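User: Please take one part of this model and go through it closely for a first-year student. Start with how its strands pair, then say what lies against them and how that part sits in the rest of the chain.

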Amino acid sequence: MLGMYKVLDLTDVRGELGPMLLGDLGADVVKVEPPGGSAARREAPFADDGNGAPRSLSFQAFNRNKRSITLDAQQAADRQTLNALIQRSDFLFESHPDGPLAAFDVDFAAARALNPRLVYVRLSPFGSTGPYAGYQANDLVLAAMGGPVSIQGVPERPPLRLSVPQVWRHAGAEAAAGAMAAHRRMQQTGEAQFVDLSAQSVMTWTMLNGMLAHPIQGFDFQRNGASLVAGDMRIDMVHACADGYVLALPSSQVLCGCLPWLIEEGLADASLQDTDWLAYDDTMREANDEVFNIPQGVALLKALFERHSKQALFEYGLANNITLAPVNTLQELLAMQQLVEREYWHPLPDTESAQVRSPGLWAKPSVAGMSVRGNAPAAGEHSDEIRAELQTAARADAAQATAEGGSLPFAGLVVADFSWVGVGPISTKYLADHGAHVIRVESETRPDVLRGALPFKDMEPGLDRSQFYGDFNTSKQSLTLDMKKPEAIEIARKLISKADVMVESFAPGAISRMGLGYADVKQLNPSIIMVSTCLMGQTGPAAQVAGYGYHAGAMAGFYEVTGWPDLSPSGPWLAYTDTIAPRFVSVLLAAALDRRRRTGEGCFLDVAQIETALHFLGPELLDLQLNGVAATRMGNRSAIAAPQGCYPCLGEDRWCAVAVDTEEQWQALCRVIERQDLCTERLADHSTRLQAHDEIDTAISAWSTSRDAYDVMSTLQAAGVPAGVVQRSSDLIQDPQYAHRKFHRYMEHSVMGNVPYSGHQYVIEGYGNGPRAPAPALGQHSFEILSGLLQMGDEEIAESYASGAVS
């Protein structure tokens, strides 16, 4: 799809996934490394390279489909080589500060002078400028400052991050999406683009409905482990089973599905079949001891689950159309038949010529354009061939290209959005915010569940009062259709015939049964790009698994690596994979649109959310296969650095994350907390401090507990120690860095009034990108769309309303 483009990769571990995604889509990615190789090659975990030297498995996971050249910034010839590479490239990615590019004294201005059509992408902790731009940061600090840590974990213990590094994996994928939007803008303007990505903002988007909880509803969400909170009840979703844990919502659907098994095993009386299940579901909102209720349902499910294995429960769920999601370990992921049958895994030869498996291609397109053409290169492996290529004439297309015009990157495109909940709507929001005309097709009889979910404006429920829905659907219009009616299907066909893109997230096969599968819509509109996204993909034995992102999070291994080692899994906040997959889908859509611009051809794209998410566990999957190390939950601690944790501060539930990476930072921490006695031979390196972590935690907590969290942060940052307040939504709305970046955008909603919306995770210089309009009320634009875009006459529109096809 992107085979005509060249990408310069000057990232280290901070964002190297982004260039790899473009490489998977066909781009020629050149990784520029210093003599001795990129710092990313020294990132744990490691395996023996066959010659007794360590090989970074993190580097292996995120650097396939790249070529490597080594350049010495001290050599004039190598500086000229870098300049020549910049002149011939379409994209440049750099980690900042102190990334590989810094030694060459090249910044955006210098790169733009060399190549006036370059897309220059900078990944940094907080953004290039602003009050926190110079702060020290790492995975824990950014997860704390971004907000997700505040709502993860159990209330009895400190707030939590995931025990596996996630920040720069999110940032890399989002950087690729930002790069593609900027590239489209470059084609319109003819000018170089600077994309300034903030990893803090990237992590804020993993909070989902927690991003704006306080300014919308008046209070922050609280962490409750793997439980749903309903009134005064905490409803467990993670339950022990015979060989681990399974995630299941104790809804009437799940309980009814399990009832024959419960009765067969003598755990429930047959009279339970006569239960008023509507009254049962109502007890999720308000306890009622007079009817069979949620706590009793949970008890029955727990009794059943503890008798059976994860696999047996999963297979029972598949057979009975209910979702009993196993909390998979990494080993179980490697054995998952769904992934095997979809040929997901990419074989990676190890040093003994055996094969280990790494996460493979993350979409299945109907056309050529995605492939794995090579594994991670050796440092400088392609130096000679790349230098030889520079001796040939430069590409003519870049020099001769002219600006196409256009106000916004995706202006003029029409998108038919038949998706709902998280992944699909967030993906189409990417197109909408950047100018596309996105029509969100909804149902009044079965509205998007997010319309009925917190946070509600002023805690007043209503289908048009949820900012959970609002944040995911900015810049769109809403058309309400009852897709059970043939008249509505006909209107959908009219919309699809005018669309450039169609996105749907029904259960596999459902859209085809409506007569709107890819074979059908291709006849209507041969150049349409259609995306079908669901948990497991459109094919395979588990394709019909239904559920939400928290089911996918459990099945994809993220619950296993979130929590405390002595407790059951806590899991990330809500639907974690809903924060991963849209980054991949956005890149994929932009690439497919670029291909269509050049060829006129559409395509079908099958995206399994689990297959995108597993890339965020890539190094850990390799570590298990090559070293036998199984990643699991470790609280806030790191396996390779200490101390790292969240420490109590003055005030109710106030915390500051402190995460030491180096010996210098450790010594500075000891000085600040006036515990130089800890800087002894006994605690002279990470390994000894890991063993004494409890003792060190006590010392830090004794110092922090009487201090304001922001004072703790600023004091430690001034000493060069990575530290960041565990920020809640009430803090983020006042964050000076976010104010500097204009992250929050206030807009007038037709029902909620003037409310804030979360902004983009990157700033494109000179563009002011972000949400362009508030989310729509349900069906707000139905008449406008029918009469305008679809050019239906008054009589036809009246009949559509009268039949109930439109509401």
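Analyst:
**A sheet and its helices**

Strand β11 and strand β12 (residues 244–247) are joined by four bridges and run antiparallel to each other. The model is a predicted one. Strands of a sheet are held together by backbone hydrogen bonds, in a parallel or an antiparallel arrangement. One pair of bridge partners can be named here: Val-238 is matched with Leu-247 in β12.

Helix α11 (residues 294–305) packs on this sheet and touches β11 and β12. The direction of α11 makes about 35 degrees with that of β11.

How many strands does the open sheet have, and in what order do they come? There are three, in the order β11-β12-β13, with antiparallel pairing. β11 (238–241) and β13 (325–326) are at the edges; each has a single partner strand, so one side of each has no neighbour in the sheet.

A second helix also belongs in this picture. α12 lies across β11, β12 and β13, and runs at about 20 degrees to β12. Helix α12 covers residues 310–319, and Lys-310, Leu-313, Phe-314, Tyr-316 and Gly-317 in it are buried. Why are these five on the same side of α12? Because they cover an arc of only 160 degrees around the axis. As background, an α-helix has 3.6 residues a turn, so residues three or four places apart point the same way. After α12 comes Asn-321, which has a positive phi, near 60 degrees.

The chain has another open sheet, which can be read in the same manner. Its seven strands come in the order β16-β22-β21-β20-β17-β18-β19, and their pairing is mixed. Its edge strands are β16 (364–365) and β19 (476–480), each of which pairs on one side only.

Inside that order, strand β17 (residues 414–418) and strand β20 (residues 501–504) run parallel and are joined by four bridges. Phe-418 has Glu-504 in β20 as its bridge partner. Helix α19 (residues 486–498) packs on this sheet, where it touches β17, β18 (437–442), β19 and β20. The direction of α19 makes about 140 degrees with that of β17. Helix α23 (residues 581–599) packs on the sheet as well, touching β20, β21 (529–534) and β22 (603–608), and its direction makes about 165 degrees with that of β21.

β21 has a neighbour on either side in the strand order, β20 and β22. β20 and β21 pair in parallel over four bridges, and Met-502 stands opposite Met-530 in β21. Between β21 and β22 there are six bridges, again in the parallel sense; Ile-529 has Cys-603 in β22 as its bridge partner.

Are the residues of β21 mostly covered or uncovered? They are mostly covered: six of the six are buried. In a regular strand the side chains alternate between the two faces of the sheet. In β21, Ile-529, Val-531 and Thr-533 point one way, while Met-530, Ser-532 and Cys-534 point the other way, and all are buried.

One residue of helix α17 (residues 423–433) shows how burial is decided: Ile-426 lies in that helix. Its relative accessibility is 13%, and the cut-off for burial is under 20%, so Ile-426 counts as buried. Apart from its neighbours within four places in sequence, Ile-426 is in contact with Phe-472, Asp-578 and Pro-582.

Helix α6 (residues 167–189) gives a simple check on helix length. At 1.5 Å a residue its 23 residues should span 33 Å, and its end C-alpha atoms are 32 Å apart, which agrees. Of these 23 residues, 21 are buried, so α6 is mostly covered. Gly-190 follows α6 and has a positive phi, near 75 degrees.

Last comes the whole chain. Its secondary structure comes to 33 helices and 28 strands. The radius of gyration is 26 Å, close to the 28 Å that the globule rule gives for 807 residues, so the chain is as compact as a globular protein of that length. Along the principal axes, the C-alpha atoms fill a box of roughly 80 × 65 × 55 Å. Of the 807 residues, 60% count as buried. Among contacts between residues at least 6 apart in sequence, 75% join residues at least 24 apart.

Note on methods:
Residues numbered from 1 in each chain as written. Predicted model: local features only at pLDDT ≥ 70, side-chain atom pairs only at ≥ 80, totals over all residues. Heavy atoms only, no water. Buried < 20%, exposed > 50% of the residue type's maximum accessible area, 1.4 Å probe, protein only. Helix = DSSP H or I, 4+ residues; strand = E, 2+ residues; numbered from the N terminus. Arc of directions from axis to C-beta. Pairing = 2+ DSSP bridges. Contact = heavy atoms within 4.5 Å. Axes fitted to C-alpha atoms, helices over the stretch in contact; angles between N-to-C directions. Expected span 1.5 Å × (residues − 1). Rg over C-alpha atoms; globule rule 2.2 N^0.38 Å.
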